[in-house]
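Please walk through this model with me, beginning at its contacts with DNA and ending with the fold of one protein chain.

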Protein chains: 2
Amino acid sequence: MAREAPSVLVVEDEPAQREVLAYNLEAEGFRVIRAETGDEALMLVDEETPDIVVLDWMLPGVSGIEVCRQLKTRADTRGTPIIMLSARSEEVDRVRGLETGADDYVIKPYSVVELMARVRAQLRRVRPSTVGAVLEFEDIKLDSESHRVYRREEVLKLGPTEFRLLATFMEKPGRVWSREQLLDRVWGRDIYVDTRTVDVHIGRLRKALCQHGGEDPVRTVRGAGYALG
Amino acid sequence: MAREAPSVLVVEDEPAQREVLAYNLEAEGFRVIRAETGDEALMLVDEETPDIVVLDWMLPGVSGIEVCRQLKTRADTRGTPIIMLSARSEEVDRVRGLETGADDYVIKPYSVVELMARVRAQLRRVRPSTVGAVLEFEDIKLDSESHRVYRREEVLKLGPTEFRLLATFMEKPGRVWSREQLLDRVWGRDIYVDTRTVDVHIGRLRKALCQHGGEDPVRTVRGAGYALG
DNA sequence: TGGTTTTGTGACCAGATTGTAACGGCTTCA
DNA sequence: TGAAGCCGTTACAATCTGGTCACAAAACCA
């Protein structure tokens with residue numbers, strides 16, 4: 001089954017650079033959404049829900065850092081990978097130091113091949129769980145389009161993090177995910193969060209899944225992590 | 001718990017070069033095994049079963065090329081990727097190196113970053129198949145992805161250490177592992193535990209494997225160690 | 001056969017791992 | 001703006017696991 005092309009939001013104010021990037025991404029089969037300013041970027045994220053954002057850190061108006069921070073704070077966009085572009089390596093260090101939570105950093109001038117590779121790497125990391133499909137496991141049904149989860153016809157109420165956690169599990173039922181892998185997938189790459197937080201959210205997910213009765217479908221694998229079924 | 005770090009066997013007689021390489025690999029999270037000569041390399045491949053070999057072309061004694069040829073001839077080591085290092089840049093050598101069966105070929109002086117990238121590339125190429133695979137031996141089935149062990153359709157219950165122990169055995173059924181090798185593999189390199197601990201865990205593994213009946217598949221090799229089958 | 005070495009295993013306790021309630025800080029939404 | 005909801009951390013309890021020891025059993029050797 002052919003999959004819809006992943007969409008990339010390119011945020012870059014310098015037209016030449018933006019077009020080179022867009023050209024190459026389109027040549028690789030991505031759908032490209034362009035933004036010139038931070039405000040525009042934030043608006044387009046809402047409207048178009050891109051699969052990944054490539055973000056220049058120097059922007060007129062709302063800076064790239066601020067865009068990144070906002071996106072990584074909002075629960076509904078936190079899972080979208082962000083690749084930050086900056087002109088010098090010291091800047092990368094600074095940007096990192098600000099704990100903006102970007103998933104990857106690339107120094108300009110960058111090799112186009114390398115950037116493509118990084119875009120693909122980030123998509124590989126998160127995409128499967130965000131694909132607009134209906135995942136099913138036993139009596140659980142997860143509709144990533146409408147962001148709804150059903151268990152035996154009943155709609156379950158669960159928060160954004162629990163949702164992504166469950167989506168990750170349902171992508172490969174039975175597979176054991178380590179706490180680190182889950183943090184990487186569900187929370188994001190450069191985010192510092194205690195691994196015990198995963199346990200707490202697993203507990204919340206369990207409670208949510210059993211709110212209308214039924215067995216706990218989440219399996220703890222001691223010393224390894226968690227799995228669905 | 002973090003996934004087991006991939007191990008790299010570095011074969012290089014020049015101490016400075018060997019340590020630079022080892023330092024960088026360790027910084028990247030790999031476990032490094034060092035060898036100075038071809039003979040030593042061949043021995044360590046048996047003992048440590050590294051995930052990948054980085055091999056200098058010019059070695060005292062058995063040459064790099066010869067080591068490569070031997071490893072690529074033997075059935076049990078053929079799958080291990082080999083990256084050859086050489087000071088010479090002539091096309092001829094490159095061809096000869098690849099003909100011998102090396103999986104990649106890097107010319108000295110090399111960029112460390114590039115070499116790391118190639119190491120990772122080779123591991124990506126082979127690792128998924130061995131890590132995600134379902135190992136089988138007689139009526140025992142071990143699924144590393146779901147962390148489950150079956151014996152004749154029944155799910156076996158075994159702790160983390162027993163699981164790793166069994167996984168090690170099933171990687172190479174029939175192979176005899178010394179207590180030291182098992183400690184190294186299952187417990188970790190720089191951990192001090194009595195070798196008798198291995199015996200105790202072998203006992204626990206045996207009990208776990210027979211919890212639903214069946215023969216004991218673990219063989220004791222007096223004075224040497226243990227093996228599966 | 002008797003003595004020696006090696007291996008098997010039950011029991012025990014220390015420490016690690018996990019489940020979960022509670023809390024304070026933020027964000028979101030009406 | 002206030003209330004409700006969500007998040008990450010922490011602390012504590014319950015549970016499980018791992019390493020050691022001691023002694024029994026088995027294998028080996030002369």
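A polar contact is a pair of N or O atoms within 3.5 Å; within protein, one atom must be able to donate a hydrogen and the other to accept it, and residues adjacent in sequence count only if both atoms are side-chain atoms. The model is predicted, so that local features need pLDDT of at least 70 and side-chain atom pairs count only at pLDDT 80 or more, while totals for chains, interfaces and linings use all residues. Residues are numbered from 1 along each chain as its sequence is written, chains are lettered from A and ligands numbered from 1 in the order in which they are written, and side-chain values use heavy atoms, with hydrogens and water left out.

With DNA strand D, a polar side-chain atom of Arg204(A) lies 2.6 Å from a base oxygen. The phosphates of this strand are approached as well: a backbone N or O atom of Asp194(A) lies 2.9 Å from a phosphate oxygen of DNA strand D, and a polar side-chain atom of Glu162(A) lies 3.5 Å from a phosphate oxygen of that strand. The elements that give two or more residues to this surface are α6 (160–171) and α8 (196–209) of chain A together with α6 (160–171) and α8 (196–209) of chain B, where helices (H or I, at least four residues) and strands (E, at least two) are DSSP runs numbered from the N terminus.

Around DNA strand C, 25 residues are near (a heavy atom within 4 Å of the strand), and Thr220(A), Tyr226(A), Arg196(B), Thr220(B) and Tyr226(B) come nearest. Sugar and phosphate account for 52% of the atoms of DNA strand C that come within 4 Å of the protein. A base nitrogen of DNA strand C lies 2.8 Å from a polar side-chain atom of Arg196(A), whereas phosphate oxygens of the strand lie 3.1 Å from a polar side-chain atom of Arg179(A) and 2.7 Å from a polar backbone atom of Gly223(A). To this surface, two or more residues each are given by α8 and β10 (218–221) of chain A and by α8 of chain B.

Turning to the fold, chain A has eight helices and 11 strands. Buried residues (under 20% relative accessible area, with a 1.4 Å probe and protein chains only) make up 48% of its 229 residues. Of the contacts in chain A (heavy atoms within 4.5 Å) with a separation of 6 or more, 58% are between residues 24 or more positions apart.

Definitions and conventions: Buried < 20%, exposed > 50% of the residue type's maximum accessible area, 1.4 Å probe, protein only.
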